[in-house]
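Biologist: Let's go through this model together. I will ask how each label is earned, and you show me the reasoning.

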Amino acid sequence: MFGDTTRIGRPFSKDPHVVDFQGKYLMYYSVPPAHASQGWGIGIAESKNLKSWTVIGAINPQTEYEAKGLCAPGALVRNDTVHLFYQTYGNGPKDAICHAWSVDGVSFTRNATNPIYSPVGDWNCGRAIDAEVVFFNNQYYLYYASRTPDYVTQIVGVATAPANTNFSKSEWTNPVDKAILVPKYPWEGKCIEGSSVIQKGDKLFMFYAGAYNNDPQQVGVAVSSDGVNWERLSNKPFLTNGDPGTWNSSESGHPHIFQDRKGKTHLFFQGNNDRGHTWLISNIRVYWNKEGYPYLK
């Protein structure tokens, strides 16, 4: 388990995303403001083994659109560059997805067209958070969470960009004018968010968070052959919150599915047992059966 104590003196790290870059693993995650005027930021930690993590930096608000904070990072490595996708924070329905890039994984340059994406259409409230960008079928898919127009229910949408994109605002189009995943089962409550996607064979698997934080939030899985139409693997959570008295009894949430350089798959997630006074990040090994579907031991 990992908990960043640099901001507020107690472990508080959310929304993990890991990349393999320049011979080391880097984890990006949300960190709270150290004082009221600071705003949320993104922490950066480094590891050689995916278990022991050392904090090596942070990304803090530096533009007007980030003034109230930034968080919920999603990252991908293309050639020799880390591309980071993150959300503005604290602006309600006006929160949107931004993009920045780095050649060392620590110091980032903002995209001049930020924010690069907000959804349109009468199915959503105009908000986009929890970005996840993956390359599939020769284009990029941006998965994000939005809300219904009444701002009650969290839902998932998708946008696409061409293979040679620079990820700027004008590059993104909407393949469908609707949500691609909405709460369906009782355990999902009124929230689907935190999508993390991995390709296995010719399919995409989306690990998603169901229910709002500490409700309890738990992790589900859906599968797609085209990146747009998704089918759940089960009506039950793939990863549940812990039993009373355990470290993640309040939730196991906001997943990130990651394949290491040896081909092993790890599910990173956030958890706590005090309804959000602290937040820790852990990971669990995910296995794949002969039919190509994930399971836990």
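Modeller: Start with phenylalanine 258, which stands opposite histidine 266 in strand 17. Keep in mind that this is a predicted model.

Biologist: What makes strand 16 and strand 17 a pair?

Modeller: Two strands pair if DSSP finds at least two bridges between them. Strand 16 (residues 251-259) and strand 17 are joined by 7 bridges, so they count as a pair. They run antiparallel. Another bridge couples glutamate 251 with asparagine 272 in strand 17.

Biologist: What lies between the two strands of that hairpin?

Modeller: There are 5 residues between strand 16 and strand 17. In this hairpin, glycine 263 takes a positive phi near 90 degrees.

Biologist: How do you know that strand 17 also pairs with strand 18?

Modeller: By the same cut-off of at least two bridges. Strand 17 and strand 18 (residues 280-288) are joined by 7 bridges and run antiparallel. Leucine 267 stands opposite isoleucine 284 there.

Biologist: Why is strand 17 called mostly covered?

Modeller: Buried means under 20% relative accessible area. For strand 17 (residues 265-272), 8 of its 8 residues are buried. Both faces are covered. Thr265, Leu267, Phe269 and Gly271 lie on one side, with His266, Phe268, Gln270 and Asn272 on the other.

Biologist: Which strands are the edge strands of the open sheet 16-17-18-19?

Modeller: This sheet has 4 strands with antiparallel pairing. Strand 16 and strand 19 (294-295) are its edge strands, as each pairs on one side only.

Biologist: What is the strand order in the open sheet that holds strand 5?

Modeller: The order is 5-6-7-8, again with antiparallel pairing. Strand 5 (70-78) and strand 8 (109-110) each have a single partner strand, so one side of each has no neighbour in the sheet. Strand 5 and strand 6 (residues 81-88) pair over 7 bridges. The bridge partner of arginine 78 is threonine 81 in strand 6.

Biologist: How many helices and strands does the chain have?

Modeller: The count is 0 helices and 19 strands.

Biologist: Why is the chain called as compact as a globular protein of that length?

Modeller: The globule rule gives 19 Å for 297 residues. The radius of gyration is 18 Å, close to that value, so the label holds. The C-alpha trace spans about 45 × 45 × 40 Å along its principal axes.

Biologist: What share of the chain is buried?

Modeller: Buried residues make up 56% of the 297.

Key: Residues are numbered from 1 along each chain as its sequence is written. This is a predicted model: local features need pLDDT of at least 70, side-chain atom pairs count only at pLDDT 80 or more; totals for chains, interfaces and linings use all residues. Side-chain values use heavy atoms; hydrogens and water are left out. Buried means under 20% relative accessible area, exposed over 50%, partly exposed in between (1.4 Å probe, protein chains only). The radius of gyration is taken over C-alpha atoms; the globule rule is 2.2 Å times the number of residues to the power 0.38.
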